[in-house]
Structure formats: structure tokens, C-alpha cells
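This report describes selected features of one protein chain for a reader at the bench. It takes up the sheets, a pair of helices, an aromatic cluster and some unusual backbone positions.

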Amino acid sequence: MTRRHHGYALLAAIVSLIVAMSVAIYAGAASDDGTAPSALAGPRPYDPAAPASTGTWVGSWSTSPSAAEPGTETAGLHDRSVRNVVHTSVGGTGARITLSNLYGRLPLTLTRATIALAAADDSAAAVPRTMRRLTFNGLPTVVIPPGAQVMSDGVRIPVPPDSDVLVTTYAPAEPGPVTVHARVRQISYAARGERTEDVTGAPYTEQVEAWRYLTALDVLSSEADGTLVAFGDSLTEGNSSTVGANRRWPDILSDRLREAASAGQDVPRYGVVNEGIGGNRVLTGGLGRPADNPSGLSRFPRDVLGRTNVKVVVIDLGVNDILRSPTVIDPDLVLDGLRTLVGQAHARGIRVVGATLMPFGGHRGHSAEREAVRQEMNAEIRSGRVFDAVVDFDRAVRDPYDPRRFRPDYDSGDRLHPNDRGYERMAREFDLTALKGAAPAKL
């Protein structure tokens, strides 16, 4: 059973009604604090001019650019329409996107970009009346320098929470390599030729478990007033969760926040975005310039501090520093790295919640020495000397009869990653009230 709680046929009817009645928004494409909207991009098909409305820009979905896509080094995705499928956490009356050319060696020219609501699960088809053209500083074409990213203008579109959105771009002569986040537990699509405004999905015969170029979807929201960033490795990315089902722990945490707010509970009203990368470490990145799988220290300014209207970050990193070090790593080095991230967040007024490191007994990388490092780091995290608050993932999923290992019913089978039930248990471990508040004031 997926986390989508709406029927798409009903959604299409509701969206058509909302589109007919909704009003235009102001788009704060140059502002990331969620409070200073500017004028909408110019008129475009399916988007007639209308009076202005207000809201707060928050992150509804995001991902971290993590590598250059193999096989795209020379030809890129020449003459391709790329249709990314992403799942929202919170809804809004308008949207804007961020596109990245972090791993490109030459400028990337995109001549068209669109956004629409998905018509069904696991489909490239769109709800027709939701299709919108996107612009960048008022123009349909954007050139992204190598190593750079761009944010679109805002566009009026009713975006429901907990729903799939299609973001499509077209590159007539993409030079490569393509900036990508792979193994994302979600199928996206590509089609030959310029098919950005196709609503049928029929031309989108190429499927890939990756997000290309797209790194963020913000919404202009009246239901949320900030963004929570989940910052971690494959345990945050959702490795081994069901593809297309949105069963990662950040997805379920988003559901919990929305349900609690709907029930009138005093919980924060946040969009939840996922900045997990499989294999990520606090201290060390991969090879290349820029590095594939950049370290937590190097990517934190972009993937957390650079996201829209961030109020709190949940950090779940450190297991790979233990597992992937050729020798037994000094736990103080990793803890100092985590404290550096906390200091950077506090300098921006962002609250930091840290996770204990989950067990990996039975995994091929496990040893008594590495287990001792994990236990020492968890003791320091639980002491309150690293983060503002703690979520105890270790306690949530460990086997009570052998705390070095996962509980069998939470284990995906590799002794390292949870299954869907394990991810849900992680999300249930959060005290939602601990997500409230600002960073501690400096004395």
C-alpha cells in the first residue's frame, strides 16, 4: 500500500475546479526566506492573468545532486525531454523549481520546461488542465553554467500535498555529463524530441530510477511556514524501500506532521525535503571535481543552508564513515565534523536534530572495533553535547535480544538498511514537538 491517499480520478476533477477558481500568485524567485514575493512570470498557455494572492515559500520536495550520470559524458541526453516524477510533502497555490548543472563541463541550455500534476501512479501522464510552462527571469530558455544551478520564476498551479508532480525539461543539444541523483526509489521518464507539454505520457517510453537536473520543488503555501531538511545517507535516501511507494522515513514523518496538524495538535507546519545520498559520509567525498557523492561537510551549505526557508535539519550521518574507512576511524573526528555542521546551522538560526547510528551487526563490514566506535558515538549523541535534540533511531530498530543487529522484522535483508516497516518505525520515533523552536541563542 502506497503513501498516496488520493484517488487520481477524483484529483483530476478537484484540480480542474481549483484551476477554474484559483487566483494568481506572486513568485519570489529571487528570495529564499519565504516572505518576499515578487511578480509572476509573464502570461503563458494554461495560466491566464488574475489577481494576486499571498503565501509562504517552503520546500515541498528536494534532492541532492550526487554524480554525473554514467554514459552521458559526451552526448548527454541530446534531443530528449526529461520528465522527473517527484512527490510533494506540502501543497500550495504556486510552484517554482531549481535545476542543477553541477556535474556538467559545458553550459547546459534548456529551451523549455513545464510542470503538471501526475494523472496516475507510476505514469508519465499529466492532469491536462494543470500543465504549466515555466520561465526563468521571464524567458522560456535558460542557460545553466557548468557547476551552477538556477531557480525558475514562480507559476500559479494548485499543488496538493502528498501527490506526484511532473517536471519536464527539454535540451536540444545537451553536452553532458548529466547531473543526476540515482537509485531514488522512484521511476522517472524520458522521450525523444520536444515533448514537454505532452499530457498523454505516451512518448515517454524510456524509464530510469533517477532524478535528472531537478533538485528542488518549492510551493507557495498557506499550510506550512517552513522547511525541514532530512540530511543523511542511504538510510535517509530510502534504500531498500518499495519503489514508487514513498515509504522513506522523511515521507512518513511528513505524513505524521500533516495528520497531527489536521487533528489540531500543536506541531510545526513544515514541508519535509530529503537530502540523503547513498554511501554519504561526514568527512570524505568521492572522486572527481566536483566529487561524486560529496561529503556532508562540503555539501551542507548547498543542500541545507541553501534550501528555501529552512527551520530545522535532521542529521543522520556517520555509519559510512565507520564502515568505509580502511582503518578503524577515530570517533572524535566524525563527531567534530557533525559539530561543524551544527555550528553552520546555528549561524543561520536553524535548529538541529541528530540521529543515533543504527546497528549493522551481520553486515560484511561489521567488526567488534567498528561496533565500539558506533557505541561511543551514540553515547556522545545521546548526551546532548552534539545536537539540539536527539531522535534515537538505534533504539527504534535494534533487536532487543542482540542490540548489535536490526530487529528481524525491520531488516531489509542486508543487515544495514531497513525495510518499509523499519522506515516507518524510524519516523514514529520522532517527538514532533522536538522539531519546534529555533537554534539556541549565543551567549
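Two strands are taken to pair if DSSP finds at least two bridges between them. The model discussed here is predicted.

**Sheets and strand pairing**

By that criterion, strand 5 (residues 80-87) and strand 15 (residues 188-192) pair, since four bridges join them; the two run antiparallel. Within this pairing, V82 has A190 of strand 15 as its bridge partner. Both strands belong to an open sheet of six strands, in which the order is 9-8-13-5-15-16 and the pairing is antiparallel. Strand 9 (132-133) and strand 16 (206-208) have a single partner strand each, so one side of each lacks a neighbour in the sheet. In general, the strands of a sheet pair through backbone hydrogen bonds, either parallel or antiparallel.

A further open sheet has three strands in the order 4-14-17, again with antiparallel pairing. Its edges are formed by strand 4 (67-68) and strand 17 (210-212), each of which pairs on one side only. Strand 14 (residues 179-182) is joined to strand 17 by three bridges in the antiparallel sense, and V180 stands opposite R212 of strand 17.

Strand 24 (residues 398-399) and strand 25 (residues 402-406) form a hairpin with two residues between them. Their antiparallel pairing rests on two bridges, and D399 stands opposite D402 of strand 25.

**Packing of helix 6 and helix 7**

Helix 6 (residues 331-347) packs against helix 7 (residues 368-382) at an angle of about 35°, and the axes are 10 Å apart. The crossing of helix 6 and helix 7 is right-handed. Helix 6 contributes P331, D332, V334, L335, L338 and R339 to the contact, while helix 7 contributes V373, E376, M377, E380 and I381. By class, this contact comprises seven nonpolar and four charged residues, with no polar residues.

**An aromatic cluster**

Five aromatic pairs are found in the whole structure. In one of these pairs, the ring centres of F393 and F430 are 5.7 Å apart and the planes stand at 75°; the pair is edge-to-face because this angle is over 60 degrees. F393 belongs to helix 8 (residues 393-397) and F430 to the segment after helix 9 (420-428), so the pair ties together parts that are 37 residues apart in sequence. Ring pairs also bring W249 into a cluster with F393 and F430. F393 is buried, with a relative accessible area of 0%, and F430 is likewise buried, at 5%.

**Unusual backbone positions**

Most residues other than glycine have a negative phi, and most peptide bonds are trans. The table lists positions that depart from these patterns.

| Position | Feature | Value | Location |
|---|---|---|---|
| G176 to P177 | cis peptide bond | omega near -10° | P177: loop between strand 13 (164-171) and strand 14 |
| R289 to P290 | cis peptide bond | omega about 0° | P290: loop between strand 20 (270-276) and helix 4 (296-305) |
| D162 | positive phi | phi near 55° | loop between strand 12 (155-159) and strand 13 |
| N293 | positive phi | phi near 50° | loop between strand 20 and helix 4 |

Are the residues with positive phi, D162 and N293, buried or exposed? D162 has a relative accessibility of 5% and therefore counts as buried. N293, at 17%, also counts as buried, because the cut-off is under 20%. The loop between strand 20 and helix 4 thus holds P290 as well as N293.

Definitions and conventions. Residues numbered from 1 in each chain as written. Predicted model: local features only at pLDDT ≥ 70, side-chain atom pairs only at ≥ 80, totals over all residues. Heavy atoms only, no water. Axes fitted to C-alpha atoms, helices over the stretch in contact; angles between N-to-C directions. Left-handed = near helix turned anticlockwise from the far one by under 90°. Contact = heavy atoms within 4.5 Å. Nonpolar A, V, L, I, M, F, W, Y, C, P; charged D, E, K, R; others polar. Phe/Tyr/Trp six-rings, centres within 6.5 Å; stacked < 30°, edge-to-face > 60°. Buried < 20%, exposed > 50% of the residue type's maximum accessible area, 1.4 Å probe, protein only.
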